[in-house]
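Colleague: Please take me closely through the packing of helices in this model, and then through what lies around it. I am new to this, so explain each term when it comes up.

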Amino acid sequence: MPKQRVLLGMSGGVDSSVSAVLLLEQGYEVIGAFMKNWSGSTRTCNGTQEFVECDWRSERRDAMRVAAQLGIEFVTLDFEKEYREKVVENLFNEYEAGRTPNPDVLCNKFVKFDLFVREADRLGCAFVATGHYARVEKGSDPVRGQTPFLKAARDQSKDQTYFLWAMPKEVLPRVMFPVGDLLKSEVREIARKHRLSVAEKKDSMGICFVGEVDIKEFLKERIKLSPGLIKSTDGRVVGEHEGLAFYTIGQREGIGSVGGGTPWYVVRKETVTNTLVVGSEVDPELYSRELTAGQCNWLTPRGSDPVRGLTPFSCFARVRYRQPLEPCHVSGAGVRPRTGSDPSSVQFENPIRAITPGQSIVFYTEDGTVLGGGIIST
């Protein structure tokens, strides 16, 4: 029987490189693919500004070296146009509207698990794989059968399922996360054992594919300054800001000219008066027990009925990466089948700090199975 073919996203990092090793050891035919999504060398979406060139060429060289060492085919896929349209434009638009988006979520939805899957079809690949710390497991429910589900990684400190909730559930049967059952230390050890050139390479940080950039400076390329007052929650003027778009709920660093030595945190943004409202770390206005989420995507049936997903239901959720899971209760039209675009209402058992419109809320079962997620609206 011919080997099953896998298209593996290779970023030039240690996780995707070790993924190639593991897939080969499991008997798959692997095609390594570098996704060029951002160069910074061409004009941005509005055609008027340029950003500093990112280091995609050296990342691709690292990926090519590993592919050559392992003797696998290697291709470069240029998704930059689509990435700018689907991810970068959304980032600017959301910040300008006063929300704080998560570009990694959209990158996974539109690029890694859409465009990339289409390329896998073109290349005759049965599966796609990435170096994400996550797992895809087969279900054993008597009603749902063997439907695959997304589950948190074994290494909880590296788990990346928070960024994967928006992926189309139809592609889950074809997705592999080879390092999902490993600790990061074990991944490094495998890389050293196989003498991979990236074994000691540091993990990349920052915006997906754009890299480590100062987000405020990045936004200033497209969003004009709009100075206004900074007020405390008791109404005192404590400083000035550069524009509401450059601040996010819960932010402490970079608030601007705030005097008095008091550590202030962004509590809310009042767009009508262009006022940034700040408070102390324990200010009651910084905490809430409820939110509304829209654009929901459900990866598994929910609620008491595994087929119809009846509402309401209880589960666990997080509203930011690496936040501990919090028990919550979910209700509303957004949890009913085929109406994921309708809003869901979420009530937490405990007060949650700095719930931020535009960010993601991701729902889990107690054992780490991802039920789905949505975009926080209020």
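Modeller: What follows starts with the chain as a whole, turns to the helix pairs, and ends with some single residues.

This is a predicted model, in which local features need pLDDT of at least 70, side-chain atom pairs count only at pLDDT 80 or more, and totals for chains, interfaces and linings use all residues. Residues are numbered from 1 along each chain as its sequence is written, and side-chain values use heavy atoms, with hydrogens and water left out.

The chain has 6 helices and 17 strands; these are DSSP runs numbered from the N terminus, with helices being H or I of at least four residues and strands being E of at least two. Of its 378 residues, 52% count as buried. Buried means under 20% relative accessible area, exposed means over 50%, and partly exposed lies in between, with a 1.4 Å probe and protein chains only. A contact needs heavy atoms within 4.5 Å. Among the chain's contacts between residues at least 6 apart in sequence, 64% join residues at least 24 apart.

Now the part you asked about. Helix α3 covers residues 80–96 and helix α4 covers residues 103–122; they pack at an angle of about 165°, with axes 9 Å apart. An axis is a line fitted to C-alpha atoms, for helices over the stretch in contact, and the angle runs from 0 to 180 degrees between N-to-C directions. α3 and α4 are therefore roughly antiparallel to each other. The wording follows fixed cut-offs: under 35 degrees is roughly parallel, over 145 roughly antiparallel, 65 to 115 roughly perpendicular, and the rest oblique. The crossing of α3 past α4 is right-handed. Handedness is set by how the near helix is turned from the far one: anticlockwise by less than a right angle is left-handed, clockwise is right-handed.

On the α3 side, the contact is made by E82, Y83, K86, V87, N90 and L91, and on the α4 side by P103, L106, C107, F110, V111 and L115. Sorted by class, the contact of α3 with α4 has 9 nonpolar, 1 polar and 2 charged residues. Here Ala, Val, Leu, Ile, Met, Phe, Trp, Tyr, Cys and Pro count as nonpolar, Asp, Glu, Lys and Arg as charged, and the others, Gly among them, as polar.

Helix α4 also holds D104. With a relative accessible area of 19%, D104 is buried. Its C-alpha lies 6.1 Å from that of F163, although the two residues are 59 apart in sequence.

A second pair is formed by helix α1 (residues 14–25) and helix α5 (residues 184–193), which pack at an angle of about 65° with their axes 9 Å apart. That angle makes α1 roughly perpendicular to α5. Here the crossing is left-handed. V14, D15, V18, V21 and L22 of α1 meet K184, V187, R188, I190 and A191 of α5. By class, the contact of α1 with α5 has 7 nonpolar, no polar and 3 charged residues.

After α5 comes the loop that leads to α6 (215–220), and R195 is in this loop. R195 is exposed, at 73% relative accessible area. Its phi is positive, about 55°, although R195 is not a glycine. Most residues other than glycine have a negative phi. Q295 in strand β12 also has a positive phi, near 55°, and Q295 is exposed at 57%.

The same strand β12 (residues 287–298) holds C296, which counts as buried at 9%. C296 and G374 are 78 residues apart in sequence, yet their C-alpha atoms are 4.1 Å apart.

Strand β2 (residues 29–36) includes K36. At 12% relative accessibility, K36 counts as buried. Apart from neighbours within four places in sequence, K36 is in contact with W56, L77, D78, F79 and E80.

Last, the cysteines. The structure holds 0 disulfides, a disulfide being a pair of cysteine sulfur atoms within 2.5 Å. C315 is in no disulfide, and the nearest cysteine sulfur, that of C328, is 3.8 Å away. C315 is buried, with a relative accessible area of 7%. C125 is buried too, at 5%.
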